[in-house]
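Got your viewer open and ready to click? Let's take a walk through a protein, one selection at a time.

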Amino acid sequence: AAEKAALKERIKRLLKEREAVLVAHYYVDGDLQDLAEETGGCVSDSLEMARFGRDHPAKTLVVAGVRFMGETAKILSPEKRILMPDLDATCSLDLGCPADEFSAFCDAHPDRTVVVYANTSAAVKARADWMVTSSIGLDIVAHLHAQGKKILWAPDKHLGSYIQKQTGADMLLWQGSCLVHDEFKGIELDLLKAEHPEARVLVHPESPANVVALADVVGSTTQLINAAQTMDATTFIVATDNGILHKMRAAAPGKHFIEAPTAGNSATCKSCAHCPWMAMNGLQNLADVLENFSNEIHVDPQVGKEAVRAIDRMLDFAA
Ligand code: CIZ
Ligand code: SF4
């Protein structure tokens with residue numbers, strides 16, 4: 001504990017010395033989220049992290065999250081130095097959608113507007129017409145559908161089919177999934193609901209359809225935290241990465257949060273819903289990158305220029 005406190009103090013000192021700001025995702029370790037908050041950085045979802053980083057005057061951003069988040073920050077702020085605690089922190093959605101295969105898929109369907117989720121590489125974003133996050137994807141697809149556009153969606157099949165059902169849009173779906181959310185189980189969730197009939201169920205739409213079907217609220221991380229705070233209930237079952245519980249408990253003190261069941265849930269593994277790549281962010285590697293200015297994110301400037309159009313479209317739509 002003393003060691004941890006010393007490490008936190010060292011990081012605070014380094015952030016000042018290096019004139020750097022820390023942006024952290026809701027899914028990373030609670031200590032990192034607290035540090036970001038205490039030092040004037042931000043804790044948020046991938047959209048807000050990128051926007052905050054772009055608008056903050058610091059010349060160095062440290063992104064505690066996964067690689068696509070560092071890349072998005074770099075694309076939006078090419079003049080800034082973007083560092084990440086571990087450059088190998090990736091995402092199964094990004095891994096499952098290689099740029100060359102994706103580009104061929106787009107070429108085969110030239111009549112479709114290409115909409116990609118934020119959880120993709122810079123090269124995939126460069127091939128897209130629009131980038132969306134889970135908080136705004138539904139509104140953007142509804143908007144395109146109203147214009148009579150047919151859509152090619154990548155990479156998350158569950159989020160895609162959820163948006164398809166909600167909007168009625170013509171969507172061709174890439175078959176990717178998040179290895180964390182894909183593990184939530186409908187039957188077990190139904191049983192858990194029966195044990196806690198008073199509980200409200202909060203579900204991220206990267207989860208399978210039979211889990212989404214049991215939700216009281218389906219939404220992005222930020223939307224789920226807001227629901228926990230504002231809904232008139234004291235117990236919630238939460239189907240998303242359990243890193244979010246840190247923020248939910250702080251935002252809604254006195255309320256009770258239960259993790260939704262995953263395939264891995266058992267006597268030995270009570271909380272399996274945690275992204276192994278988010279978990280690669282720690283105090284020690286964060287201190288190291290600040291000390292050494294190591295683990296810098298680079299995006300090919302031409303790719304970045306092409307990718308920024310898809311991101312700016314979303315930001316303009318949101319404004
Ligand atoms: O599942 C993820 O990685 C999410 C929800 C990212 C984000 O904040 O949009
Ligand atoms: Fe990707 Fe899922 Fe991890 Fe998010 S939680 S970074 S979607 S693997």
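Below are a few stops, each with something to select and something to look for.

Before we set off: this is a predicted model, where local features need pLDDT of at least 70, side-chain atom pairs count only at pLDDT 80 or more, and totals for chains, interfaces and linings use all residues. Residues are numbered from 1 along each chain as its sequence is written, while chains are lettered from A and ligands numbered from 1 in the order in which they are written.

**Stop 1: the sheet**

Switch to cartoon view and find the open sheet of 4 strands, ordered β6-β5-β7-β8 with parallel pairing. Helices (H or I, at least four residues) and strands (E, at least two) are DSSP runs, numbered from the N terminus, and two strands pair if DSSP finds at least two bridges between them. In general, strands of a sheet pair through backbone hydrogen bonds, either parallel or antiparallel.

Which strands sit at the edges? Select 130–132 for β6 and 171–173 for β8: each pairs on one side only.

Now select 113–117 (β5) and 151–154 (β7), parallel strands joined by 4 bridges. Zoom in on T113 and you'll find I151 of β7 standing opposite.

**Stop 2: helices on the sheet**

Add 137–146, which is helix α8; this helix lies across β5, β6 and β7 and runs at about 175° to β5. Angles here run from 0 to 180 degrees between N-to-C directions, with axes being lines fitted to C-alpha atoms, for helices over the stretch in contact.

Next, pick out 157–167, or α9, packed on the sheet and touching β5, β7 and β8. Contact means that the C-beta atoms of two residues, placed from the backbone, lie within 7 Å.

On the way, pause at the peptide bond from A154 to P155, which is cis, with omega near -10°. P155 belongs to the loop between β7 and α9. Most residues other than glycine have a negative phi, and most peptide bonds are trans.

**Stop 3: three cysteines**

Where does UniProt, in an unreviewed entry, put the feature "binding site"? Select C91, C178 and C275, the positions in that record; UniProt positions are given in the numbering used here, feature names are shortened, and annotations may be inferred rather than shown by experiment. They span 185 residues in sequence, yet no two of their C-alpha atoms are more than 9.1 Å apart, so they gather at one spot.

C91 sits in the loop between β4 (81–83) and α5 (92–95). This residue is buried, with 27 other C-beta atoms within 10 Å. (Buried means 20 or more other C-beta atoms within 10 Å of a residue's own, exposed means 12 or fewer, and partly exposed is in between; C-beta atoms are placed from the backbone.) Leaving aside neighbours within four places in sequence, C91 is in contact with V66, F68, N119 and W277.

C178, in the loop between β8 and α10 (186–195), is buried too, with 24 such atoms within 10 Å. Not counting residues up to four places away in sequence, C178 touches S92, L93, D156 and E206.

**Stop 4: two unusual turns of the backbone**

Head for the loop between α14 (283–292) and α15 (301–318), home to F293. F293 has a positive phi of about 50° although it is not a glycine. N295, in the loop between α14 and α15, also has a positive phi, of about 55°.

Buried or exposed: which is F293? F293 is exposed, with 12 other C-beta atoms within 10 Å, whereas N295 counts as buried, with 21 C-beta neighbours inside 10 Å.
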